[in-house]
Every structure is written in C-alpha cells, then in structure tokens.
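Okay everyone, grab a seat. I'll take you through one model today, with the sequence and the structure up on the screen.

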Amino acid sequence: MNDELNMSVRKFLKQVGVTSQQAIEAALRDAGAGAQTGPHKARMVLTIEELGLEHVVEGEIKGAAE
C-alpha cells in the first residue's frame, strides 16, 4: 500500500473512531442514567460498495462501574 493510500485509510478510521465514540456517548446521555449500567451489544458495519466489502465487527460496551 502506498503512503498516500495508507494515510487516507488511517484518516478515515480515525474519523470513524472519534465520531462513533461521540455518538455512543450522546446516546447514553439521551437514554438516561439507567442506560449507563450496560452492558450493551454493539455492531459496526463497514461497507465499501465499489470493492464489494462488508466488514462486521461485533462487541460489547460495558456499563459504568458502580
């Protein structure tokens, strides 16, 4: 992979990470204090139609410690 492509991929993934964290935090705030106890199942789907790519990551977001 050339440097320009590598940097472009890294920039995109950084944007995904930062904006996803902000969205999760906002959803937890909007749902109220009870929602923060978790755990919450999470699923992220990355799609690049032109490449025929669909990459799925599943995991769990643990709740706040009591």
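So, what is the mean pLDDT of the chain, pLDDT being the predictor's confidence in each residue, from 0 to 100? The mean is 92, and 97% of the residues reach 70 or more. This is a predicted model, where local features need pLDDT of at least 70, side-chain atom pairs count only at pLDDT 80 or more, and totals for chains, interfaces and linings use all residues. Residues are numbered from 1 along each chain as its sequence is written, and side-chain values use heavy atoms, leaving out hydrogens and water.

Let's start with the helix, α1, residues 3-31. Helices (H or I, at least four residues) and strands (E, at least two) are DSSP runs, numbered from the N terminus. At the start of α1, a side-chain oxygen of N2 comes to within 3.2 Å of the backbone nitrogen of E4. Expected span is 1.5 Å times one less than the number of residues, so the 29 residues of α1 should cover 42 Å, and the end C-alpha atoms are indeed 42 Å apart. After α1 comes G32, with a positive phi near 100°.

Next, the strands. β1 and β2 pair antiparallel over 9 bridges; pairing takes at least two DSSP bridges. V45 sits opposite V56 in β2, and I48 sits opposite L53. The hairpin has 4 residues between the strands, and G52 there has a positive phi near 65°.

Last, which residues line the largest pocket? Among them are S20, I24, R43, M44 and E58. A pocket here is an open set of points on a 1 Å grid over the protein atoms alone, where a 1.4 Å probe fits, with protein on both sides within 12 Å along at least five of seven lines; lining residues have an atom within 4 Å of a point. β2 gives the largest share of that lining, 4 residues.

Note on methods:
A polar contact is a pair of N or O atoms within 3.5 Å; within protein, one must be able to donate a hydrogen and the other to accept it, and residues adjacent in sequence count only if both atoms are side-chain atoms.
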